[in-house]
Every structure is written in C-alpha cells, then in structure tokens.
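This briefing introduces the structure shown below to a reader who has not met it before. Please keep the sequence and the model at hand while reading.

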Amino acid sequence: MRIEPAVGEAPRTVPMRLQRFLARAGVASRRGSEDLMTAGRVRVNGEVASELGTKVDPARDEVTVDGRAVRLADGAVHLMLHKPAGYLTTMRDPQGRPCVASLVPTERHPGLFPVGRLDRDTTGLLLFTTDGDLAQNLLHPSKHVWKTYLAVVDGLMADRELDPLRRGIELDDGPCQPARCRIVGTRPEQGATEVEVVIREGRKNQVKRMLSRVRHPVIALHRSRFGPLELSDLPEGSWRPLTASEIDALTHPKGTD
C-alpha cells in the first residue's frame, strides 16, 4: 500500500515501512506494530493502514494509533509497575481473569508490554516498555540481568541450607546458575523464614522450585529489584515512568557483578 499525497502536493517517495516507523517511534516492537496494524488500530492520513507493505514519509504523513498521533521524536516508553498478587502477566486473557494490562496506561501507549513475567501470586517490580529490542536484550540468556526476590518460606531455615542454591541447584529442567542468597529474618510465631534470592535466569517458577528443592516451600514471593531498577516505595498497584538515569542504566549496563 502506498499513501498518496494530498491534492495539490507534489508526488513523493515513501522510504520507510510503517511497522519500522512505529517501532522507531517507540510504539511497539516491529512484531507488535504489525499486530496493531492488522487489528486496524493504525491510521495514516486518516485511513486505516492494515497492510504490512504500507510505507510512510515520516516528515509528511500523519500516523495515529488508536487516535493518538505518533512521531519519531516521541521515542520509546519505559515504566515500572508494582504488581499486586492476583494478576496475570499478560496483556489479555481469554478467560477474563485480571491482567497487568489494566494497571498500566495502554490507551496512552498502546504498544506497552511486560519484560519477562511474574507469577500470578507473585508481587513486585515488573518492567514495561515499547522497545522490543531492549526487551530482547534484557531477556537474552547471555545477558540476563540480576533479579532480586524476597521469599517467605515454610519452616525455620538455617543459612547452610542455602548452599545448594549458591552452588547451582539441579532442577527437573536442568542445573541452575549459582544464586546469591541470604537469610533476612525469621518469623518464629509463623514457623517461617524470610530469604533473599538473587538470580540471573528467568525460568518459570524458578525461585519457588529452587526453595522447594531444599524442602522450604514458598509461602509468598516478592521481586524488589530488576537489574539496576529498584521498586523502593512505589505503592502496590501503581506505576511510574523510568527516570533518564534508570533508562541509561538499562541500555548501557556497566557490569553485572
């Protein structure tokens, strides 16, 4: 599809595919941009642009997503959410269960998606972005960032019981990388222990499975840090945009150890 110039305008070339334009503007990854197009949510000069071959002139064409104007100068959007328990880390659920999409400004930024996931009953820091390249980089096995969890586990745990996790415990889907972990405190009246676990991988239910493997099942799990990002005092269920320094720390890591 070629977007024709308005009456009275000189013909012009259309040098950029629409999905590439949307990705560069920070609306979504290229794949996510294609999904927005095929869903009929993207318009160029007022016309729905659902064909993946559509090209635009960034300097002259008007592009909107869900009625919101998009420009290359807009850039990508990055924010953190303090995820409450009971929400699925997905943007939609066929069964109608609560999803994290309802907690972030998807109407303002339609290409937002979560980087990685937290289990339904896990709380804490969940990163969202419209930058597919950044998300892929953060989640790539060779570049996984450190993630810090606070687990409340069943039983009064001794520090030495964490040694298998520190060495790299074996799970049913293979060995884990060595974890950084420590006892934070005990809850004698509840027969429970608070344990901090810091890992670089991101397998499904990994922290829960690691602690169950040493016979201390997780009662509650919370993620307080994701790489250089710290949840701090952000209220549960709330979100905030990342600061310039946080974005710089994510995109230009200075080391992982």
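Which exposed residues does the face of H2 turned away from its buried side carry? That face carries Arg31 and Thr38, where exposed means over 50% relative accessible area, buried under 20% and partly exposed in between (1.4 Å probe, protein chains only). This is a predicted model, in which local features need pLDDT of at least 70 and side-chain atom pairs count only at pLDDT 80 or more, while totals for chains, interfaces and linings use all residues. Residues are numbered from 1 along each chain as its sequence is written, and side-chain values use heavy atoms, with hydrogens and water left out. Helices (H or I, at least four residues) and strands (E, at least two) are DSSP runs numbered from the N terminus.

**Helix H2**

- In helix H2 (residues 30-38), Ser33, Leu36 and Met37 are buried. They cover an arc of only 100° around the axis, which places them on the same side of H2; the arc is that of the directions from the helix axis to the C-beta atoms.
- The cover over these buried residues includes helix H1 (18-24), strand E2 (42-44) and strand E5 (63-65).
- Glycine 40, just after H2, takes a positive phi of about 80°.

**Helix H3**

- The buried residues of helix H3 (residues 132-139) are Gly132, Leu134, Ala135 and Leu138. They fall within an arc of 160° when seen down the axis, so they line one face of H3.
- Asp133 and Gln136 are exposed on the face turned away from the buried side of H3.
- At the N-terminal end of H3, aspartate 131 acts as a cap, with a side-chain oxygen 3.0 Å from the backbone nitrogen of aspartate 133.

**Nonpolar cores**

- The largest nonpolar core (buried Ala, Val, Leu, Ile, Met, Phe, Trp, Tyr and Cys residues joined through side-chain atoms within 4.5 Å) has 29 residues. Those with the most contacts inside this core are Phe128, Leu165, Val197, Met210 and Leu211.
- Another core, of 16 residues, lies apart from that one and includes Met16, Phe21, Ala25 and Ala28.

**Open sheet**

- Four strands form an open sheet in the order E3-E2-E5-E6, with antiparallel pairing; two strands pair if DSSP finds at least two bridges between them.
- Strand E3 (47-48) and strand E6 (68-70) stand at the edges, each with a single partner strand, so one side of each has no neighbour in the sheet.
- E2 and E3 pair over 2 bridges, and valine 44 stands opposite glutamate 47 in E3.

Definitions and conventions
Polar contact = N/O pair within 3.5 Å; in protein donor to acceptor, adjacent residues only side chain to side chain. Contact = heavy atoms within 4.5 Å.
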